[in-house]
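Please look over the chain shown below, first as a whole and then strand by strand, before reading on.

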Amino acid sequence: MMNKSAIVGSIASLGLALGIASGQAVAQMPHEGIQHSESESTSQFERIEQPLWLKGAVTVGGLGLIGLELWWFLLSKPKSQKAKTDRGIQEIDIAVDGGYEPSRVVVNAGEPVRLNFYRKDPSSCLEEVRFPDFHIAQELPLNKVTPIEFTPDKPGKYEFTCGMNMFRGALEVQAANSPITVRASSVDNNGKASAHK
Ligand SMILES: [Cu+2]
């Protein structure tokens with residue numbers, strides 16, 4: 001019994017000594033390897049703690065970028081662009097690259113429209129653009145600007161698509177309500193418009 005308690009006591013003291021030793025990282029024990037890796041992992045923990053804080057900042061930054069991307073795709077993209085009128089023609093450039101950009105174009109009714117499709121996408125899917133409401137099906141050669149001209153008479157929303165109806169855009173035709181938009185000087189052979197002067 002005495003021996004047993006002595007053994008228990010020595011084990012306990014050994015344990016205590018080990019505990020202290022591990023705290024002080026004494027490298028004279030047979031547990032040298034374990035203790036070393038232990039202290040190493042502890043120091044790694046300490047070293048990582050600050051980068052973790054930085055990682056938090058980076059994560060916040062990343063989330064901010066994701067938010068910006070979501071905003072770009074969900075809110076910014078459907079934004080329509082108004083064609084600019086130059087010498088009586090409403091003109092706008094539309095990039096064909098994985099879709100149409102801008103995909104929504106606003107024009108006025110009763111005025112000629114010229115849409116300059118610039119196809120950058122080699123995908124055969126986008127080699128043709130169609131305006132079913134205007135009976136237009138136009139081939140778009142790669143890396144070239146292909147103008148498509150027509151005059152939308154009635155206000156409304158007219159879709160345009162690729163040849164397979166996969167990519168879409170829309171032409172929003174607004175009623176040309178204000179007579180200010182009609183400049184007598186730029187109107188040549190439009191009888192109705194010239195009657196305004
Ligand atoms: Cu297609």
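How many of the 197 residues of the protein chain, as a percentage, count as buried? The share is 12%, where a residue is buried if 20 or more other C-beta atoms, placed from the backbone, lie within 10 Å of its own. This is a predicted model, in which local features need pLDDT of at least 70 and side-chain atom pairs count only at pLDDT 80 or more, while totals for chains, interfaces and linings use all residues. Residues are numbered from 1 along each chain as its sequence is written.

The protein chain has three helices and 11 strands, these being DSSP runs (H or I of at least four residues for helices, E of at least two for strands) numbered from the N terminus. From the N terminus on, two helices are followed by the strands, and a helix ends the series.

Six strands form an open sheet of mixed pairing, in the order β1-β5-β11-β10-β7-β8, and two strands pair if DSSP finds at least two bridges between them. At the edges lie β1 (81-82) and β8 (136-139), each of which pairs on one side only. Strand β5 (residues 104-108) pairs with β1 in the parallel sense over two bridges, and five bridges join β5 to strand β11 (residues 168-174), again in parallel. The table gives residues that stand opposite each other in these pairs.

| Residue | Partner |
|---|---|
| Q81 | V105 in β5 |
| K82 | V106 in β5 |
| V107 | V173 in β11 |

Finally, among contacts in the protein chain with a separation of 6 or more (C-beta atoms, placed from the backbone, within 7 Å), 49% join residues 24 or more positions apart.

Methods
Contact = placed C-beta atoms within 7 Å.
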